[in-house]
Amino acid sequence: MTVELICVGTELLLGNIVNTNAAWLAEQCAALGLSCYYQTVVGDNADRLAGILETGLERSDILILSGGLGPTQDDLTKETAARVCGKQLVEDARSLSRIESYFQERGLKMTDNNRKQALVPEGAIVVDNDNGTAPGIILEKDGKRIVLLPGPPNELIPMFEKSIAPYLLSLDPNGPSVIYSRTVKICGLGESGVETLITDLESLKNPTVAPYAKTGEVHLRVTARAEDEKAAKKLVKPVVKELESRFGRAVYTTKNEVTLEEAVVRLLKKNDLTAATVESCTGGLLAGRLVNVPGVSDVFKTGFVTYSNKAKRKQVGVKKETLEKYGAVSPQTAEEMAVGGAKAAGADVVVSITGIAGPDGGSEEKPVGLVYMACFVCGSVWVERFQFKGSRAKIRESAVAAALTLMRRGILEVFG
């Protein structure tokens with residue numbers, strides 16, 4: 001079956017909001033085995049939206065819309081879809097009760113326009129919204145389906161996962177089936193390098209192998225469709241094992257929910273190690289990533305933000321002559337930051353970061369994006385040079401991802 005995504009909202013067209021719903025929905029539909037050939041963003045205009053719906057119904061089996069289900073006058077998605085399908089809007093008692101409870105439980109006053117969200121096209125399937133007030137709606141017209149979802153991702157995502165995905169799977173002409181995925185997460189290798197090692201696997205039909213590039217990482221999603229979860233897992237397992245064999249230590253997890261920082265924290269705990277960070281250009285972002293992990297207090301001692309040369313000298317003992325001779329952005333300074341941080345914090349593992357995040361401050365010898373890192377692990381030290389590209393925010397984000405990878409690699413080098 002073919003699916004078409006339609007995201008509604010003038011704020012999307014103006015660039016006031018990044019359209020993350022389209023990317024997320026496209027990924028989910030691909031995992032469900034649906035082919036997506038068209039994506040559209042349309043403003044809060046009933047006539048233009050009606051035209052998009054009419055065109056979509058001619059060329060796609062399923063239309064999935066997000067946004068425009070709110071209580072205000074410019075929220076026109078539901079009304080327009082009903083008009084295109086020739087349906088009247090009627091009040092859904094269950095939805096109204098849930099909306100009233102939503103406000104009562106939060107001690108908020110429900111305004112009259114919120115009753116508008118309880119209106120649904122006659123004959124539609126109403127989907128409960130456990131995280132907001134606007135219910136989801138499924139309409140059927142001449143064998144085609146229109147799925148209406150709320151715009152906020154914290155409402156759309158759980159609704160899709162809980163109710164819409166099972167509904168879409170039930171439409172499979174080959175009978176009910178389940179989709180099961182595992183993600184092989186790789187760090188320290190670029191997307192192109194990973195791609196060259198999985199060319200043969202990308203031609204698989206069931207399971208499929210799909211690469212997704214993230215900052216400092218590459219994720220390989222292995223997805224299978226089968227009559228039940230047990231059968232789907234059986235299809236996925238040998239492919240995951242093959243990927244682990246090909247990429248070795250670069251694979252930091254095969255669990256969908258585990259992040260790179262969580263994998264690092266698990267390594268620290270496994271080897272009974274304590275850690276600290278010393279950051280200049282990243283200004284505490286690395287420490288922040290580590291602190292995202294529940295239970296990190298068992299291993300993480302402190303994070304130094306040594307942005308100025310004075311802070312580097314005072315907090316972690318970088319020598320004045322080192323800074324004068326080599327500069328703050330140098331392998332020598334990075335190493336002294338890591339070693340000094342370990343001494344100051346009394347930590348077993350320390351990663352230091354110093355670099356030029358830009359947009360100013362670069363030179364021909366030391367361009368913007370140049371970053372040096374050092375990793376101290378129980379007396380051993382590794383120093384790495386990186387040249388990142390992009391905006392100031394992107395360079396800092398890339399540096400943090402690389403630092404986590406370096407930290408993981410250092411621990412593995414010493415402790416296996």
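## Sheets, helices and ring contacts in a predicted model

Strands E3 and E8 pair in the parallel sense, with five bridges between them, and in this predicted model the residue Ile-64 has Val-147 of E8 as its bridge partner. Strand E1 also runs parallel to E3, again through five bridges, and here Ile-6 is matched with Leu-65 of E3. Five of the five residues of E3 are buried, so the strand is largely enclosed by the rest of the structure. The burial extends to both faces of E3, with Ile-62, Ile-64 and Ser-66 on one side and Leu-63 and Leu-65 on the other. In a regular strand the side chains alternate between the two faces of the sheet.

These strands belong to an open sheet of six strands, ordered E2-E1-E3-E8-E7-E6, whose pairing is mixed. Its edges are strand E2 (35–42) and strand E6 (125–127), each of which pairs on one side only, and the twist averages 15° from one strand to the next. The mixed character of the pairing can be followed to the E6 edge, where three bridges join E6 to strand E7 (residues 136–141) in an antiparallel arrangement; Val-126 stands opposite Ile-137 of E7.

Two helices are placed against this sheet. Helix H2 (residues 20–31) lies across strand E1 (2–8), E2, strand E3 (62–66) and strand E8 (144–149), and its direction is at about 165° to E1. Helix H6 (residues 153–170) packs on the sheet as well, touching E3, E6, E7 and E8, and makes about 165° with the direction of E8.

The two helices are also linked through their side chains. A search of the whole structure finds three aromatic pairs, and one of them is formed by Trp-24 and Phe-160, whose ring centres are 5.5 Å apart and whose planes stand at 85°, so the pair is edge-to-face. Because Trp-24 lies in helix H2 and Phe-160 in helix H6, the pair ties together parts that are 136 residues apart in sequence. Both Trp-24 and Phe-160 are buried.

Another aromatic pair, also edge-to-face, is made by Tyr-102 and Phe-103, with 5.7 Å from centre to centre and 80° between the planes. Tyr-102 is partly exposed, with a relative accessible area of 22%, whereas Phe-103 is buried at 10%. Tyr-102 has a further contact, since the charged end of Arg-106 sits over its ring at 3.7 Å from the centre. A similar arrangement places Arg-59 over the face of Tyr-38, at 3.7 Å from the ring centre.

A second open sheet has four strands in the order E10-E11-E9-E12, with antiparallel pairing. Strand E10 (208–214) and strand E12 (251–253) are its edges, each pairing on one side only, and the twist averages 30° from one strand to the next. Within this sheet, E10 and strand E11 (residues 217–226) pair over seven bridges in the antiparallel sense, and Ala-213 stands opposite Val-218 of E11.

Helix H13 (residues 331–345) has 15 residues, which at 1.5 Å a residue should span 21 Å, and the end C-alpha atoms are 21 Å apart, which agrees. Its buried residues include Thr-333, Met-337, Gly-341 and Ala-345, and the buried residues of H13 pack against strand E13 (275–279), strand E14 (300–305), helix H11 (309–316), helix H12 (320–326), strand E15 (349–355) and strand E16 (370–377). After H13 comes Gly-346, whose phi is positive, near 65°.

Four loop sites with backbone features of note are collected below.

| Site | Backbone feature | Loop |
|---|---|---|
| Asn-206 and Pro-207 | cis peptide bond, omega about 10° | Pro-207 between helix H7 (191–196) and E10 |
| Gly-358 and Pro-359 | cis peptide bond, omega about 5° | Pro-359 between E15 and E16 |
| Asp-142 | positive phi, about 55° | between E7 and E8 |
| Asp-272 | positive phi, about 55° | between helix H9 (260–270) and E13 |

Neither Asp-142 nor Asp-272 is a glycine, although each has a positive phi. As for solvent accessibility, Asp-142 is exposed, with a relative accessible area of 70%, and Asp-272 likewise counts as exposed, at 68% relative accessibility.

Note on methods
Residues are numbered from 1 along each chain as its sequence is written. Side-chain values use heavy atoms; hydrogens and water are left out. Two strands pair if DSSP finds at least two bridges between them. Axes are lines fitted to C-alpha atoms, for helices over the stretch in contact, and angles run from 0 to 180 degrees between N-to-C directions. Contact means heavy atoms within 4.5 Å. Rings of Phe, Tyr and Trp (its six-membered ring) pair if their centres lie within 6.5 Å; planes under 30 degrees apart count as stacked, over 60 as edge-to-face and the rest as tilted. Buried means under 20% relative accessible area, exposed over 50%, partly exposed in between (1.4 Å probe, protein chains only). A charge sits over a ring if NZ of Lys or CZ of Arg is within 6 Å of the ring centre and within 35 degrees of the ring normal. The expected span of a helix is 1.5 Å times one less than its number of residues.
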